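Here are my notes on this model, set out as numbered points that follow the charged pairs and then the helices.

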Amino acid sequence: MSPLTLGSWDVRESCQTLRMMLAYAHVDYEMTHYSATKTEDGYQKDPSVMIDKALGLKFQKLPYLIDGDVNFSYLPAVTRYISEKFGLHGKTHKERAIADMLSTYLFDVYNTLNMIVYMDEAQSLACKDLFLKEGLMYTKSGNEFLSEIEKFMNGKKWAVGEYITYADFELAEALHVLCKLYNEDVLDDYQTLKAFHKRFFEIPEIMDCENKYRNLPIYNKWAAFGSSTEAS
């Protein structure tokens with residue numbers, strides 16, 4: 001049987017959680033990376049220009065997953081497919097709802113960070129500091145996000161209890177990104193999250209995956225910050 005094929009930009013953003021989930025589940029897969037090329041106006045940001053139409057994707061977007069005769073594009077669809085196929089979506093309706101709830105909450109964090117890093121450089125760097133301490137218009141501050149997740153995770157090994165789900169991969173990656181964009185000490189006031197972060201990234205399969213993709217930057221080339229390999 002042919003291995004899965006996973007396609008994404010050549011960055012951590014939006015795909016490292018998928019790679020870690022597949023590594024943890026001991027699933028063989030082939031990785032296809034796409035690199036944004038320089039143009040007169042900046043960078044080629046449209047993946048549909050680069051993705052081979054012969055792949056048969058219904059939507060020419062990244063990330064995508066091909067598994068035999070089925071394929072999916074967009075992060076939520078690929079995440080759900082992997083988590084359900086390989087037992088990372090919770091064992092009961094309640095656990096699945098808890099995982100989905102945390103995942104949706106984290107989506108707000110990711111959206112806020114993405115909004116900041118893809119602004120023009122001067123505005124982006126100003127908003128970067130403002131986000132952590134005070135928040136931006138219509139968003140909580142980074143510290144408020146961390147405080148709420150700290151309370152949610154208090155007394156738990158993983159998001160739903162004693163075993164891992166896809167939401168834990170998303171939480172671990174969100175904490176990793178915050179630590180890299182700010183400082184490792186961003187978690188010092190959140191000991192539950194700090195312990196979670198350490199526990200997750202000490203899983204052997206996760207360590208191997210991190211080592212394999214350690215040279216990928218967090219964000220794409222047109223980001224104001226977080227686009228260098230030092231930031232990963």
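1. Glu202 has a relative accessibility of 45% and therefore counts as partly exposed, since that class lies between the buried limit of under 20% and the exposed limit of over 50%. In this predicted model, Glu202 forms a salt bridge with Lys198, and the closest N and O atoms of the two side chains are 2.7 Å apart.

2. A search of the whole structure finds 7 salt bridges, and another of them joins Arg80 to Glu84, with the closest N and O atoms 3.5 Å apart. Both residues belong to helix α2 (residues 75-85), where they are 4 residues apart, about one turn of the helix. In an α-helix there are 3.6 residues a turn, so residues three or four places apart point the same way. Arg80 is partly exposed at 40% relative accessibility, and Glu84, at 48%, is likewise counted as partly exposed.

3. Which parts of the chain does the pair Glu210 and Arg12 tie together? The salt bridge itself has its closest N and O atoms 3.0 Å apart. Glu210 lies in helix α8 (residues 204-212), while Arg12 lies in the loop between β1 (4-9) and α1 (16-24), so the pair links parts that are 198 residues apart in sequence.

4. As for the surroundings of that pair, Glu210 is buried, with a relative accessible area of 14%, and Arg12 also counts as buried, its relative accessibility being 2%. The pair does not stand alone, because Arg12, Glu173 and Glu210 are linked in a network of salt bridges.

5. Helix α6 (residues 166-181) has 16 residues and reaches 23 Å from its first C-alpha to its last, which is close to the 22 Å expected at 1.5 Å a residue. The helix is mostly covered, in that 15 of its 16 residues are buried.

6. The final point concerns the packing of two helices. Helix α4 (residues 121-133) and helix α5 (residues 142-153) pack at an angle of about 35°, and their axes are 4 Å apart. On the α4 side the contact is made by Phe131, Leu132 and Lys133, and on the α5 side by Gly142, Asn143 and Phe145. Sorted by class, this contact of α4 with α5 has 3 nonpolar, 2 polar and 1 charged residues.

Key. Residues numbered from 1 in each chain as written. Predicted model: local features only at pLDDT ≥ 70, side-chain atom pairs only at ≥ 80, totals over all residues. Heavy atoms only, no water. Helix = DSSP H or I, 4+ residues; strand = E, 2+ residues; numbered from the N terminus. Expected span 1.5 Å × (residues − 1). Buried < 20%, exposed > 50% of the residue type's maximum accessible area, 1.4 Å probe, protein only. Salt bridge = Lys/Arg side-chain N within 4 Å of Asp/Glu carboxyl O. Axes fitted to C-alpha atoms, helices over the stretch in contact; angles between N-to-C directions. Contact = heavy atoms within 4.5 Å. Nonpolar A, V, L, I, M, F, W, Y, C, P; charged D, E, K, R; others polar.
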